[in-house]
Amino acid sequence: MLVSFEQVYKSFNGVYLLENISFTLEEKDRVGIIGPNGAGKTTLLRLLQGKIDPDKGEIRKAKNITVGVLDQIQPADPNNSISDEMMLAFAPLLAQQKEMLALEHSLSSLDPDSKEAEDALAHYAMLQSDFETHDGHLMEVNMAKVLNGLGFSKERWQDPVSALSGGEKTRLALARLLLQAPDLLILDEPTNHLDFDTLHWLEGFLADYRGAVLAVSHDRFFLDAVVNRIFEVENRRLTAYKGNYTSYLGLRQAAYERQEKEYKAQQQKIAELTDFVARNMVRASTSALAKSRQKELDRMERIEKPVPPAKAANFSFEPRIQSGKEVLEISDLGICVGEEKRRLFSGFNLSLRLHDRVAIIGPNGVGKTSLFRVLMGLLSPAEGKLRWGVNVYKSYFEQEGKNLNPENTVMEEFWQHDPRLSPFEVRSALGRVRISGEAVEKRVSMLSGGEKARLEFAIMHQERGNLLLLDEPTNHLDLPTKESLEEALQEFDGTVLLISHDRYFLRKIPNKIVELRENGYRIYPGNYDDYLEAKRREAELLPASVVSQPQKQSAPKQAQRNSKEMRVKTAKWRAEKLQLEEELAYLEQEEQTLRAEIEDPEIYKDYLEMGTRCTRLDQIAAESEEKMCRLVEIEALLEEAAGQN
């Protein structure tokens, strides 16, 4: 046991924020903390760190436990190099190493048979054992592993900290914390400022981390990849669930439905007993029986009425008119920015058709947002052409809300986009995105990131565009709101072009991913899982210099048509297609069986059995989606091969 909370309560200004919180953290635990903003997640972390004390209850910690928190790392010295800053993480080991060297020197001058030499040897052995346990001989190796993983190549290790950007300084602080290797690692939104490669590395590192990890995160992909428990903080309570985020979704729904069913059954029984007592207590012949029923009522342990999951914003996007099939054709586009006309990219080509869901990904600074500014007419391209289709109406989500007037109130800002609406209609529209009451009179400058995002989505709903341009739309949204946005986009009868680093979102929405790099771009059909698979195949089959280049036909089609290699590939694709169809049929049958079992009253009452089946249903859904995507890909390959013959 590292930490335990036993019936902990914490209030502010006489109002309880957390009530009756109990849990235990063990070594190697990987816990994700989720919950709406203001639910008490930050307060929970402060209690864990000992920054505040509970009003009631007890918090116990293991003896000599080390706790590492990103925001507790001392700010980096701007005069230090990157490697100097990282070596500070090894301060205890370096002190031990220095003491061991001093002991080696002093032992050479001591009588080997003396008590002083015996004590010195014993102390040296203790220091050496602790030094080896904490990988003291691997300090530079571990530093290289972490710095490289977090995007600091060896060529940069002597760069001064003062030359780093804000995001790089955050990554450097994270690197130092990981090298300190505390028993309990507390991370608040650890995936901010990280690109895809760095995210994959961090997830792998945390999976093998020797201590426990506690992370507050809205990154569902991270929560699926790393954690083995979910702590949901909501309505002043903490509820623990086994498994990752996907498992939690099924278990939470099953637990809510079970408690609701048990609550309704008990309420019915209470009503029947109460009615029986009222009718029979005054009659001598039945008063004894009525008293017995009253005792049963008094002894009954009441089931709390389940609180439904917090309501998310109600997003919807309805185009005023459908566009033509050809929405946008981008030809040989080049963009330059700044007074010095720094070139971001050139030779960019993209076709956007009706109902496409296209995601633009790539590192910061490569030109993704600038591309959107060109599409919105806010920036002129250096070269190239844009050819818009007929009846295309654009609606733009700007990631930091810079297109909103900070001096307006929320109502004034909304009214600017549709002055015809009555105050009641404006309040109703804002209420659907959870902006209500006094919040509608707040100035835009006073809104949180999440409130600005919801206001932008309310305005987009009113604009009724048929082409949605979304620049990092999930950045400031809580988990239920992200899911509501995904549902709205999946139902949207128009076209979507988006920029996002949210991998779970990229798994749900796009049917095409464009990877924009400094040295070119690539277009990948499918969602994020398809993109990862394509990248894996590229790494296995192609030289690194080819992987990052724009797509080109590398060999004449005529040479491929009659090649033996193509015939072999076609045979393999057909075999794989048959196997996938069989596997999908089996998964469908297994799903039907599980759903029938879940309706069995005996299983319905068993929390563990329900949890097992719900988890398997989630797994089946993920497996089916993956296999279906691969099946579609193979059918396209077979169709292309057939067209070449």
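How many bridges join strand 10 to strand 11, and do the two run parallel or antiparallel? In this predicted model, strand 10 (residues 326–337) and strand 11 (residues 342–353) are joined by eight bridges and run antiparallel. Helices and strands are here DSSP runs, of at least four residues in state H or I for a helix and at least two in state E for a strand, numbered from the N terminus. Two strands are said to pair if DSSP finds at least two bridges between them.

Some ground rules help with what follows. Residue numbers start from 1 along each chain as its sequence is written, and side-chain values rest on heavy atoms, with hydrogens and water left out. Because the model is predicted, local features need pLDDT of at least 70 and side-chain atom pairs count only at pLDDT 80 or more, while totals for chains, interfaces and linings use all residues.

The overall picture comes next. The protein holds 22 helices and 18 strands, and its C-alpha trace spans about 95 × 95 × 60 Å along the principal axes. Of its 645 residues, 44% count as buried; buried means under 20% relative accessible area, exposed means over 50%, and partly exposed lies in between, with a 1.4 Å probe and protein chains only. Contacts (heavy atoms within 4.5 Å) often link distant parts of the sequence: among those between residues at least 6 apart, 69% join residues at least 24 apart. The exposed surface amounts to about 34500 Å², of which carbon and sulfur atoms supply 49%. Such areas come from the Shrake-Rupley method with a 1.4 Å probe, and for residues only the protein chains shown count as cover.

Confidence is given as pLDDT, the predictor's score for each residue from 0 to 100. The average is 87, and 92% of the residues score at least 70. Residues 543–562 are another matter, since pLDDT stays under 50 there. The model has 24 contacts beyond four places in sequence for this stretch. Where pLDDT is low, the predicted coordinates should not be read in detail.

The opening pair of strands can now be followed residue by residue. Strand 10 and strand 11 form a hairpin with four residues between them. In the turn, Gly338 has a positive phi of about 80°. Across the pair, Glu329 has Ser351 of strand 11 as its bridge partner.

Strand 17 (residues 512–517) takes part in two pairings. Four bridges connect it to strand 12 (residues 357–361), and these two strands run parallel; here Ile360 stands opposite Val514 in strand 17. Six bridges connect strand 17 to strand 18 (residues 520–525), and this pair runs antiparallel. Strands 17 and 18 form a hairpin with two residues between them. Arg517 stands opposite Gly520 in strand 18, and Glu515 has Arg522 as its bridge partner. Five of the six residues of strand 18 are buried, so this strand is largely enclosed by the rest of the structure. In a regular strand the side chains alternate between the two faces of the sheet.

Tyr396 offers a view of one residue and its surroundings. Tyr396 lies in strand 14 (residues 394–397) and is buried, with a relative accessible area of 11%. Beyond its neighbours within four places in sequence, Tyr396 is in contact with several residues, among them Thr369, Phe372, Arg373, Met376, Leu378, Glu456, Met460 and Leu469. Gln416 is 20 residues from Tyr396 in sequence and 15 Å away in space, C-alpha to C-alpha.

Helix 1 (residues 41–49) is mostly covered, with seven of its nine residues buried. The buried residues include Leu44, Leu45, Leu47 and Leu48, as well as Lys41. Just after helix 1, Gly50 takes a positive phi of about 80°.

Which residues have a positive phi although they are not glycines? Asn20 is one of them, with a phi of about 50°. Asn20 sits in strand 2 (residues 15–25) and counts as partly exposed at 34% relative accessibility. Asn235 also has a positive phi, of about 55°, without being a glycine. Asn235 lies in the loop between strand 8 (229–234) and strand 9 (237–242), and at 40% relative accessibility it counts as partly exposed.
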